[in-house]
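Me: I'm new to this one, so could you walk me through it slowly?
Reply: Gladly; here it is, and you can ask as we go.

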Amino acid sequence: MAGEDNFFQKVYEVVRLIPYGRVTSYGAVARYLGSSRSARMVGWALNSSHNMDDIPAHRVVNRMGMLTGKHHFGGTSAMQQMLESEGVKVKGNTVCNFQGLLWDPNTEL
DNA sequence: CCCGTGACGGGGG
DNA sequence: CCCCCCGCCACGG
């Protein structure tokens, strides 16, 4: 049914809500889902979201704002390209003004 | 079945 | 400030 109890489904639902031009972190999503220590599973879930084009996985970075998952987007700059195409600047491997662009489901939702 | 690994994060030394 | 370990849990070898 819609709203399955699956952890993966819940991850997808939250990630889908990340606004254009904003970003969040694996840990923030995990915390919002009630298991703050399962940030790793959030990454695993997004790993399986490659076929779903309605999941903006590129808007999820680690708690420091680093693009730790860029290697899973094909090239080495695909993730960065996607972010910059929506106005999110990336310096080196980190999102510029991360705190300012951070969309934390725990406080925003 | 045991073990290493991973898109993480917090805590401790 | 850096490094290591632990919790989490699915998967492949």
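Me: Which residues surround DNA strand C?
Reply: DNA strand C is surrounded by Arg 37, Ser 38, Arg 40, Met 41 and Trp 44, where a residue is near a strand if one of its heavy atoms lies within 4 Å of it. Please keep in mind that this is a predicted model, in which local features need pLDDT of at least 70, side-chain atom pairs count only at pLDDT 80 or more, and totals for chains, interfaces and linings use all residues. Residues are numbered from 1 along each chain as its sequence is written, chains are lettered from A and ligands numbered from 1 in the order in which they are written, and side-chain values use heavy atoms, with hydrogens and water left out.

Me: What does Arg 40 touch on DNA strand C?
Reply: An N or O atom in the side chain of Arg 40 is 2.7 Å from a base oxygen of DNA strand C, while a polar backbone atom of Arg 37 is 3.2 Å from a sugar or linking oxygen of that strand. Of the strand C atoms within 4 Å of the protein, 57% belong to sugar or phosphate and the rest to bases.

Me: OK, switching strands: how many residues surround DNA strand B?
Reply: There are 17 around DNA strand B, and the closest are Arg 40, Gly 43, Leu 46, Arg 63 and His 72. For DNA strand B, 46% of the atoms within 4 Å of the protein belong to sugar or phosphate, and the rest to bases.

Me: Which backbone atom lies 3.1 Å from a phosphate oxygen there?
Reply: That is a backbone N or O atom of Gly 27, and a polar backbone atom of Arg 63 is 2.8 Å from a phosphate oxygen of DNA strand B. A polar backbone atom of Asn 47, in turn, is 3.4 Å from a base nitrogen of the strand.

Me: And which element gives the largest share of that surface?
Reply: Helix 3 does, with six residues; helices here are DSSP runs (H or I, at least four residues), numbered from the N terminus.

Me: New topic: which residues lie nearest the centre of the largest pocket?
Reply: Leu 46, His 50, Ala 57, His 72 and Phe 73 do, out of 20 lining residues. A pocket is an open set of points on a 1 Å grid over the protein atoms alone, where a 1.4 Å probe fits, with protein on both sides within 12 Å along at least five of seven lines, and lining residues have an atom within 4 Å of a point.

Me: Which element supplies most to that lining?
Reply: The largest share, three residues, comes from helix 3.

Methods:
Polar contact = N/O pair within 3.5 Å; in protein donor to acceptor, adjacent residues only side chain to side chain. Helix = DSSP H or I, 4+ residues; strand = E, 2+ residues; numbered from the N terminus.
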